[in-house]
Amino acid sequence: MISKKVLIILPKTEIEKPIVNDLIRYYDLTIKIIRAKITPEEEGYMLIDIIGSADDIEKGMTFLGTLN
């Protein structure tokens, strides 16, 4: 198991997507939310710690790359 800290910037179009849920469910990752600010009317951000195997983290990062 390894850990990787990631800052995710969320445009308004991505705010309502279940990003953390998808990382946990589909990529077998543990997510620790370190800091987040998400509101429906503006850009948001999440600083998260992703924990899992190197392969699963890489797949999760690929998923994050598909978001706007």
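Start with the whole chain shown as a surface: its accessible area comes to about 4600 Å², and 52% of that belongs to carbon and sulfur atoms. Keep in mind as you look around that this is a predicted model.

**Stop 1: the whole chain**

Switch to a cartoon view and select everything. You should find two helices and three strands. Follow the chain along its sequence and the elements come in the pattern β-α-β-β-α. If you draw a box along the principal axes, the C-alpha atoms fill roughly 35 × 20 × 15 Å. The radius of gyration is 12 Å, which agrees with the value near 11 Å for a compact globule of 68 residues.

Now colour by burial: 35% of the 68 residues count as buried. Then turn on contacts. Among those with a separation of 6 or more, 65% join residues that are 24 or more positions apart.

For a last overall view, colour the charged side chains. There are 9 positive and 11 negative ones, and the centres of the two sets lie 4 Å apart.

**Stop 2: helix α1**

Select residues 19–27, which make up helix α1. Which residues of this helix are buried? They are Ile19, Val20, Asp22 and Leu23. Turn the view until you look down the axis of α1: these buried residues fall within an arc of 165°, so they line one face of the helix.

To see what covers them, add four more selections. The cover includes strand β1 (2–10), strand β2 (30–37), strand β3 (44–52) and helix α2 (54–65).

**Stop 3: Asp28, just past the helix**

Step on to Asp28, which sits in the loop between α1 and β2. Its phi is near 55°, a positive value in a residue other than glycine. Is Asp28 buried or exposed? With 58% relative accessibility, Asp28 counts as exposed.

**Stop 4: Asp56, across from the loop**

Keep Asp28 on screen and select Asp56 in helix α2. Leaving out residues up to four places away in sequence, Asp56 touches Tyr27, Asp28 and Leu29. Try a distance label here: the C-alpha atoms of Asp56 and Tyr27 are separated by 5.7 Å, although the two residues are 29 apart along the chain. Asp56 has 18% relative accessibility and counts as buried, because the cut-off for buried is under 20%.

**Stop 5: Met61, further along α2**

Stay in helix α2 and pick Met61. At 25% relative accessibility, Met61 counts as partly exposed. Which residues does Met61 touch, not counting those up to four places away in sequence? Show Lys4, Val6 and Ile50 to see them. Then label the distance to Glu43: the two residues are 18 apart in sequence, and their C-alpha atoms are 20 Å apart in space.

**Stop 6: Ile8 in strand β1**

Finish with Ile8, found in strand β1. Ile8 counts as buried, with a relative accessibility of 8%. Leaving aside neighbours within four places in sequence, Ile8 is in contact with Gly44, Tyr45, Met46, Ile48 and Leu64. Add Phe63 for one more distance label: Ile8 and Phe63 are 55 residues apart along the chain, and 12 Å separates their C-alpha atoms.

Terms used. Residues numbered from 1 in each chain as written. Predicted model: local features only at pLDDT ≥ 70, side-chain atom pairs only at ≥ 80, totals over all residues. Heavy atoms only, no water. Helix = DSSP H or I, 4+ residues; strand = E, 2+ residues; numbered from the N terminus. Rg over C-alpha atoms; globule rule 2.2 N^0.38 Å. Buried < 20%, exposed > 50% of the residue type's maximum accessible area, 1.4 Å probe, protein only. Contact = heavy atoms within 4.5 Å. Areas by Shrake-Rupley, 256 points an atom, 1.4 Å probe, with all protein chains shown as cover. Lys, Arg positive; Asp, Glu negative; His and termini not counted. Charge placed at Lys NZ, Arg CZ, Asp CG, Glu CD. Arc of directions from axis to C-beta.
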